[in-house]
Amino acid sequence: NSTGLDSNLAYGIGLTISSATNGYQVAQNMKKILVFFSIKNRLDGVYEITGAALKAGYPVLSGDFGPYERSIETSGPNSGQWKGSVLWANGSSSALPAGYEPNITVDPATDAITSITSTAGIFMTAPVVRTDIVGAAQRYDVATKTLYFEFTYGAGPDSRLFSIKAKYVRPR
């Protein structure tokens with residue numbers, strides 16, 4: 001049961017080889033090994049964030065932003081949870097309600113982003129508006145380790161839209 005494993009920790013397993021088939025001899029100095037591993041998916045890491053924000057009725061908060069860095073942490077086999085605030089064009093925090101930070105799910109076969117939700121369970125995926133930032137589809141580019149996505153929350157005069165390019169920088 002992997003639900004008890006923490007993606008922020010490293011784990012180790014000690015193994016001893018006691019015998020081998022087909023007459024092979026196990027070298028006494030090589031029969032004990034220690035294997036280290038962690039539970040992280042391909043999205044896990046620190047990213048450079050650039051893009052644009054739109055907050056209806058607030059031109060000072062709308063426009064291009066970045067670069068700044070944020071972590072995306074493994075939250076499932078094919079998903080990553082954004083850590084930290086999302087910034088407006090003027091560099092201030094977007095003041096997302098608690099639990100609204102995007103949780104991004106990528107289809108392992110197509111690399112398309114299939115959903116963006118929040119830890120509060122809110123579906124936040126937006127239609128692609130800023131094709132100059134996101135492109136034609138929300139996706140993960142394996143070759144450059146870059147996520148291209150949009151998300152929105154709020155409605156009417158209080159609506160918000162973030163168009164984001166998140167480029168992998170390093171492991172976290």
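Strands are DSSP runs of E, at least two residues in length, numbered from the N terminus. The structure described here is a predicted model.

In this model, N22 sits in the loop between β1 and β2. N22 is not a glycine, yet its phi is positive, at about 60°. Most residues other than glycine have a negative phi. The relative accessibility of N22 is 72%. N22 therefore counts as exposed, the cut-off being over 50%.

A positive phi is also found at K145, another residue other than glycine, with a value near 50°. K145 belongs to the loop between β8 (139-141) and β9 (146-153). Its relative accessibility is 37%. K145 is therefore classed as partly exposed, since this value falls between the 20% and 50% limits.

The backbone also holds a cis peptide bond. This bond runs from G66 to P67, with omega near 5°. Most peptide bonds are trans. P67 is placed in strand β4, which spans residues 63-76.

The strands on either side of the N22 loop, β1 and β2, also contribute to a nonpolar patch on the surface. The patch covers about 510 Å² and is made by L5, I13, L15, I33, V35, F37 and I39. Two elements, β1 (10-16) and β2 (32-38), each give two or more residues to the patch. Strand β2 supplies the largest share, with three residues. One of the patch residues, L15, lies in strand β1. L15 has a relative accessible area of 40%. L15 is therefore partly exposed rather than exposed, for which over 50% would be needed. Patch membership asks for over 30%, so the 40% of L15 satisfies this cut-off.

Empty space in the model was examined next. Rolling a probe the size of a water molecule over the atoms shows where such space is left. The largest pocket has a volume of about 190 Å³. Its lining consists of 10 residues, of which I39, T74, S75, G76 and P77 are the closest to the centre. By class, the lining of this pocket divides into six polar residues, three nonpolar and one charged. I39 appears in two of these features: I39 helps to make the nonpolar patch, and I39 is among the residues closest to the pocket centre. Strand β4 (residues 63-76), which holds P67 of the cis bond, also covers the positions of T74, S75 and G76 in the pocket lining.

Conventions. Residues are numbered from 1 along each chain as its sequence is written. This is a predicted model: local features need pLDDT of at least 70, side-chain atom pairs count only at pLDDT 80 or more; totals for chains, interfaces and linings use all residues. Side-chain values use heavy atoms; hydrogens and water are left out. Patches are made of residues with over 30% relative accessible area and no salt bridge: like charges are joined within 9 Å, nonpolar side chains (Val, Leu, Ile, Met, Phe, Trp, Tyr) within 5 Å. Accessible areas come from the Shrake-Rupley method with a 1.4 Å probe; for residues, only the protein chains shown count as cover. A salt bridge is a side-chain nitrogen of Lys or Arg within 4 Å of a carboxyl oxygen of Asp or Glu. Helices (H or I, at least four residues) and strands (E, at least two) are DSSP runs, numbered from the N terminus. Buried means under 20% relative accessible area, exposed over 50%, partly exposed in between (1.4 Å probe, protein chains only). On a 1 Å grid over the protein atoms alone, a cavity is a set of points where a 1.4 Å probe fits but cannot get out, and a pocket is an open set with protein on both sides within 12 Å along at least five of seven lines; lining residues have an atom within 4 Å of a point. Grid points are joined across faces, edges and corners, and a volume is the space filled by probe spheres set on the points. Ala, Val, Leu, Ile, Met, Phe, Trp, Tyr, Cys and Pro count as nonpolar, Asp, Glu, Lys and Arg as charged, and the others, Gly among them, as polar.
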